[in-house]
Amino acid sequence: MNAKETIARRIAREVKDGFYVNLGIGLPTMIASYLPQGIDVVFQSENGMLGVGPPPAEGEADPDLINAGKQPVTEVAGCSYFASEESFAMIRGGHMDMSVLGAMQVDEQGNLANWMIPGKMVKGMGGAMDLVAGARRVIVAMEHQTKEGESRILKQCTLPLTGMRVVHDIVTEFGWIRVTPDGLVLTEIAEGIEPAEVQRRTEARLTISPDLQAMLVL
Amino acid sequence: MNKVVESAEAAVADIAPGSTIMLGGFGLCGIPENLIAALVKRRITGLHTISNNMGVDGFGMGLMLEAGMIASHIGSYVGENRRLEKMVISGELNLTLVPQGTLAERIRAGGAGIPAFYTPTGLGTIVAEGKETRQIGDRTYVLETALRADVALVKAWKGDRLGNLVYRRTARNFNPAMATAAKLTIAEVEQLVDPGELDPDHIVTPGIYVKRVVVGESYVKPIESAFIKAKQGGAA
């Protein structure tokens, strides 16, 4: 199982029956494929849809039916459509149980940076700033280090922020890290890695939970 | 009352250079293809556009950009347009990025007579720089101002001659809010129906907001993810 799949499978276990969830583009979208059997979850897409279904079969894409990543999707029974201002009213208004996003950097205060690298072309924040400001629980799903082996979990973000003190949990292929008022706490650890090794690969200071659990994936 | 105009060309014939124009759509989904094409034929310049995205190279608002018509743009995500990138870097185009929900609410507010509002979005980020903030209860909010435009070009699925509109699937997006926030709203519809045919309970945009209705002649409706992949494949 590769890193992204490990992360997606672990977060899928955190999605509970009855949740309304927004999944970001990329890795977070994979979570929908690994949901536990028998739970009823409604996926929101911020371009104006509740009840997002899987991608359509080849040749059956409807150009009027896309997700926020501009990919064709299908509808599940009971889905609904609405305009952008209403979509963000439900996001900002605290109606989403969970928002899962990717990140470039997260820090000890739960600050998130995922939209801009100064000096490079800025493509825009899209809906990310509203999602992190409004969702009841914000989970960052990302690989622990950059391709160059640098920590993405820092004492303090160096890139421009997407949100200040907005992240509740960070999930990487190495484990589950909770953002608490006392800093970052490693609560679950993946198979095959020791807590000291996770800390060595993390710039931010991690407190190892006295109740540290194995990170189970489905 | 008959708001139907005979062609997209006639519908946009009096839009002045330098106008502020809102354009509906999310990526290439739900964009007024025919109105954009008619505007591109006129090649008016100095336009200030407000739209969530900026089309892609070779389609949608990308065509307006290529024709040198746009002076400034307000949007939330412009990642699919390389020409835009060059123009922003060279200073030919003034780009303002706004969080998507803030953009939608600023337009809604513009149409609803609300001059400004407080939002939690963007607090502590560069989006809030230079803006008034205020603590209400236990949270701090950023003051954002309403957006209005001279013209809104929107796309609906069905409409009648009174300007009542309904949309289809996720092609709704920014269209209904923009329809309310401009002095002149022009709606492009796929199907023109007789008054009374649309269930009054289902009308999303009541006709009061719409000044002109035009029937789109043909639709390409590219799916953006596939369109970009095909273009990249062709260029390789």
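## Hairpins, sheets and a chain contact

Six bridges pair strand 11 of chain A with strand 12 (residues 183-189) of chain A in the antiparallel sense. Strands here are DSSP E runs of at least two residues, helices are H or I runs of at least four, and both are numbered from the N terminus. Two strands pair if DSSP finds at least two bridges between them.

This is a predicted model: local features need pLDDT of at least 70, side-chain atom pairs count only at pLDDT 80 or more, and totals for chains, interfaces and linings use all residues. Residues are numbered from 1 along each chain as its sequence is written, while chains are lettered from A and ligands numbered from 1 in the order in which they are written.

**Exercise 1. Trace strands 10, 11 and 12 of chain A, and say what joins strand 11 to strand 12.**

Step 1. Begin with strand 10 (residues 169-172) and strand 11 (residues 175-180) of chain A. Four bridges hold this antiparallel pair. One partnership to find is Ile170(A) with Ile177(A) in strand 11.

Step 2. Look at the link. Strand 10 of chain A passes into strand 11 of chain A by a hairpin of two residues.

Step 3. Move on to strand 12 of chain A. Ile177(A) faces Leu186(A) in that strand. Here too is a hairpin: two residues connect strand 11 to strand 12 of chain A.

**Exercise 2. Which strands stand at the edges of the open sheet 7-6-9 of chain A?**

Step 1. Read the order. This open sheet has three strands, and its pairing is mixed.

Step 2. Count partners. Strand 7 (112-113) and strand 9 (153-154) of chain A each have a single partner strand, so they are the edges, and one side of each has no neighbour in the sheet.

Step 3. Check one pair. Strand 6 (residues 105-107) of chain A runs antiparallel to strand 7 of chain A, with two bridges between them. Gln105(A) sits opposite Ala113(A) in strand 7.

**Exercise 3. Describe the sheet 5-7-6 of chain B, then find the helix that lies across strand 5 and strand 7.**

Step 1. Set out the sheet. Three strands of chain B make an open sheet with antiparallel pairing.

Step 2. Find its edges. Strand 5 (116-119) and strand 6 (133-136) of chain B have a single partner strand each, so each has one side without a neighbour in the sheet. From one strand to the next, the twist averages 35 degrees.

Step 3. Follow strand 5 to its partner. Four bridges tie strand 5 of chain B to strand 7 (residues 139-145) of chain B in the antiparallel sense. Tyr118(B) has Leu143(B) of strand 7 as its bridge partner.

Step 4. Add the helix. Helix 5 of chain B lies across strand 5 and strand 7 of chain B, at about 150 degrees to strand 5. Axes are lines fitted to C-alpha atoms, for helices over the stretch in contact, and angles run from 0 to 180 degrees between N-to-C directions.

**Exercise 4. Which helix of chain A gives the most residues to the side that touches chain B?**

Step 1. Start with the totals. The contact involves 36 residues of chain A and 40 residues of chain B (contact: C-beta atoms, placed from the backbone, within 7 Å).

Step 2. List the elements. Helix 3 (84-92) and helix 4 (128-134) of chain A are those that give two or more residues to this side of chain A. Helix 3 gives the most, with five residues.

Step 3. Sort by class. This side of chain A holds 18 nonpolar, ten polar and eight charged residues. Ala, Val, Leu, Ile, Met, Phe, Trp, Tyr, Cys and Pro count as nonpolar, Asp, Glu, Lys and Arg as charged, and the others, Gly among them, as polar.

**Exercise 5. Are helix 3 of chain A and helix 5 of chain B parallel or oblique to each other?**

Step 1. Take the geometry. The axes of helix 3 of chain A and helix 5 (residues 100-112) of chain B come within 8 Å and cross at roughly 125 degrees.

Step 2. Apply the cut-offs. Under 35 degrees is roughly parallel, over 145 roughly antiparallel, 65 to 115 roughly perpendicular, and the rest oblique. The two helices are therefore oblique.

Step 3. Name the residues. Helix 3 of chain A brings Ser84(A), Glu85(A), Phe88(A), Ile91(A) and Arg92(A). They meet Gln100(B), Gly101(B), Ala104(B), Glu105(B) and Arg108(B) in helix 5 of chain B. By class, this contact has three nonpolar, three polar and four charged residues.

Definitions and conventions
Contact = placed C-beta atoms within 7 Å.
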